[in-house]
Amino acid sequence: MPPARAGRWPVAQPYDMGEPMPQQPATGPGGMPPAGEWAIETRGLTKAYRGGQLAVDGLDLVVPRGSVFGFLGPNGSGKTTTIRMLMGLIDATAGSARVLGQPMPAAGRRVLPKVGALIEGPALYGYLSGRENLRRFDAADPDADPRTRDARVDRALERVGLGAAASKKARAYSLGMKQRLGLAAALLQPRELLVLDEPTNGLDPQGMREIRALVRELAADGTTVFLSSHLLDEIEQVCTHAAVMARGRLITQGTVADLSATVLGSPGPGRLTVTTPDPADAVRVLKEHGLTGLQTTDDRVTGELPEADDGTGPPELADINAALVHAGVRVRGFGTERATLEDVFVQLTGEGFDVAG
Amino acid sequence: MSQAEGVLRRPRPLWSLGLLRSEITTTFRRWRTLALLAVLAGVPVLVGIAVKIETGDGGPGGGGGQGGPAFISQVTHNGLFLVFTSLAVTLPFFLPMSIGVIAGDSLAGEAHGGTLRYLLVAPAGRTRLLLVKYATTLTFCLVATLVVALSALATGALLFPLGEVTLLSGTSISFGEGLLRALAIAVVVALSLIGLAAVGLFVSTLTSSGIAAMATTVGLLITVQILDTIPQLSAVQPYLFPHYWLSFADLLRDPVYWDQLQKNLGLQALYAAVFGSAAWARFTTRDITA
Ligand SMILES: Nc1ncnc2c1ncn2[C@@H]1O[C@H](COP(=O)(O)OP(=O)(O)OP(=O)(O)O)[C@@H](O)[C@H]1O
Ligand SMILES: [Mg+2]
């Protein structure tokens, strides 16, 4: 299981305002390799593509080992650019990055065999079969043992559900099949870190469920998973941590629970929703129980549960329900809603649809 | 984890050979590569048939005029000369064009398809990948030349008599020695192409479009071939990579004239060094965004 992180994990710009820096033990005495608390750690990472505009601007990202880390942001916010820098595909304009405790891109030869990556979708040799594609990528890995190659390739194919289509030419694969093959390439070896850029893109619902299950399984084995996606409930379902980017800047990062709490400013018990054919009566009863911000839309009544600051503690939900029924309100549905990651995301990055230029 | 690492981190010095083998098999399994080789194999057959038809019509062979490619008048007497003729016919354009296709596409094609980024995060290593690509292109140079030579030998043996070989200097050597000289010529022709292969590799590092890199390399080849024929440019011509290409004929003299052969090989080595270094400088610093 991912190690539970005691205490507060830094939320929003972890390095500012006197908050102690997450200590990455540098090379210890006697040249011991750093233990490495962070799977990924960047400082002031910046990239300006030719043309000058900053695609990534002073990124300070820390991804704890063992976490499933959701990397969020609107289109063009710099997620893929960040991943390219982490993988040594492009040079940073400024700043530095460490992956698995080692500097990138300098230590790529040592680090990358321990990293599986899916970057901007899969890329395959159309004229080779799925199996031959994997054999080729495996041959490019200096740490891959050619004697176990066949077994590992077959296992990776099974894992993504491509066992039956392994001999088909990749040209004839559907989008989802290509995506699965790309994932299989990332799973050819046991990895310490998986970097997945929109891994569920193009997958059918079963495929998405399988990927989620796969991510959980890998995380349970101790693999850190760094996952960029637009599918927020996707991230919410699997991620322990998340960061949000917009226009190349990191807006916030932290545990998923902390994010919902801090960003939406609603650490309280949340909103109560009652579905009833008698909304007017329901509003009256709920008001008596101290709920605020009551709203009625058709047969749904929602309201903010009161804070537990008067010493009496928050009202017991069952009591409210009983009171409604006593007052003759016919209740169809009753329950609290927590803020979703989608709310967090929209709150942070704005409602606008247009991509930042 | 440390035990797993111990297993994983065993040094594997032969790993680069595994990558090279993967690259060579991948290249030679492509339909495009096979089509190029098929075209190259077809040229000697066409030349052989053309010579046969012409001499069949025109009575006794050997008269056949002084025009046409080198050695063509000797082919009717000795099928082995079809090897020399075919290499002389394909060397100015067909052979280098196919090298331009393979070399130009080597990195640009991978960049275009996006597979380059996965090879690099595998991590193949940029220098190593570049060396593997160059080695594969050189392998293709040799295979392509041998395909022309063997196709010519087979066609020559089928259509014409074989026998003693009369050299350009007038002396005769046995058929066996003639075969050896043919092999030596094929190797020299293959080596003549390594300069162009380096140019193509360099062009391939400049772009993410395989088609553009192939077209540029082939275009450069044609331009340089034309420059090589303009008399006013005689001062620079000794530095153009195709300038000494046809010097392979000097291997058919007794004694062999080494001067031009050496100049050719020296020039090819120079091109390989210059453009190989340029390709390395470019590829190891390039942003891979495709
Ligand atoms: N090769 C490139 N050359 C120039 N600019 C680029 C290049 N790639 C990306 N950019 C720019 O960098 C910015 C960030 O792009 P990036 O691909 O990192 O976004 P992203 O967060 O991955 O978006 P998406 O969610 O659409 O995948 C964008 O403004 C984009 O226009
Ligand atoms: Mg992206």
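**Exercise 1. A salt bridge across the interface**

Task: In this predicted model, identify which residue of chain B meets the side chain of E132(A) in a salt bridge, and state how many salt bridges are counted between chain A and chain B.

Solution: Begin with the pair itself: the side chain of E132(A) meets that of R29(B), with an N to O distance of 2.8 Å. Because a salt bridge requires a side-chain nitrogen of Lys or Arg within 4 Å of a carboxyl oxygen of Asp or Glu, this Arg and Glu pair qualifies. Next, take the count between the two chains, which is four salt bridges. Finally, look for salt bridges that join up: R136(A), E23(B), E110(B) and K133(B) are linked in a network.

**Exercise 2. Extent and make-up of the interface**

Task: Describe how many residues of chain A and chain B are in contact, what area is buried between them, and which elements of chain A give two or more residues to its side of the interface.

Solution: Start with the contacts, in which 39 residues of chain A face 33 residues of chain B. The area buried between the two chains is about 3000 Å², and carbon and sulfur atoms give 52% of that area. Of the area that chain A buries against chain B, L89(A), Y127(A) and R136(A) supply 22%, more than any other three residues. Turn then to polar contacts, for which the rule finds 17 residue pairs across the interface, both residues being at pLDDT 80 or more. On the chain A side, the elements that give two or more residues are helix 2 (108-111), strand 7 (115-118) and helix 3 (130-139). The largest share, four residues, comes from helix 3 of chain A. Sorted by class, the side of chain A that touches chain B has 21 nonpolar, four polar and 14 charged residues.

**Exercise 3. Salt bridges within chain A**

Task: For the salt bridges R284(A) with E288(A) and R332(A) with D299(A), work out where the partners lie along the chain.

Solution: In the R284(A) and E288(A) pair, the closest N and O atoms are 3.9 Å apart. Both residues belong to helix 9 (residues 279-288) of chain A, and because they are four residues apart, about one helical turn separates them. R284(A) is partly exposed at 42% relative accessible area, whereas E288(A) is exposed at 59%.

The side chains of R332(A) and D299(A) meet at 2.9 Å, N to O. This pair links distant parts of the chain, 33 residues apart: R332(A) is in the loop between helix 10 (317-326) and strand 15 (333-337), and D299(A) is in the loop between strand 13 (292-297) and strand 14 (300-304). R332(A) counts as exposed at 59% relative accessibility, while D299(A), at 26%, counts as partly exposed.

**Exercise 4. A salt bridge between helices of chain B**

Task: Locate D105(B) and R32(B) in chain B, and decide whether D105(B) is buried or exposed.

Solution: The two residues form a salt bridge whose closest N and O atoms are 2.9 Å apart. D105(B) lies in helix 5 (residues 94-113) and R32(B) in helix 3 (residues 31-57), with their positions 73 residues apart in the chain. With a relative accessibility of 11%, D105(B) is under the 20% cut-off and is therefore buried. R32(B), by contrast, is partly exposed at 26%.

**Exercise 5. Totals and cysteines**

Task: How many salt bridges and how many disulfides are found over all chains?

Solution: The salt bridges come to 29 over all chains, and the search of the whole structure finds zero disulfides. As for individual cysteines, C239(A) is buried at 9% relative accessibility, and C141(B) is buried with a relative accessible area of 1%.

Definitions and conventions: Residues numbered from 1 in each chain as written. Chains lettered and ligands numbered in written order. Predicted model: local features only at pLDDT ≥ 70, side-chain atom pairs only at ≥ 80, totals over all residues. Heavy atoms only, no water. Contact = heavy atoms within 4.5 Å. Buried area = accessible area lost by both parts, 1.4 Å probe. Polar contact = N/O pair within 3.5 Å; in protein donor to acceptor, adjacent residues only side chain to side chain. Nonpolar A, V, L, I, M, F, W, Y, C, P; charged D, E, K, R; others polar. Disulfide = S-S within 2.5 Å. Buried < 20%, exposed > 50% of the residue type's maximum accessible area, 1.4 Å probe, protein only.
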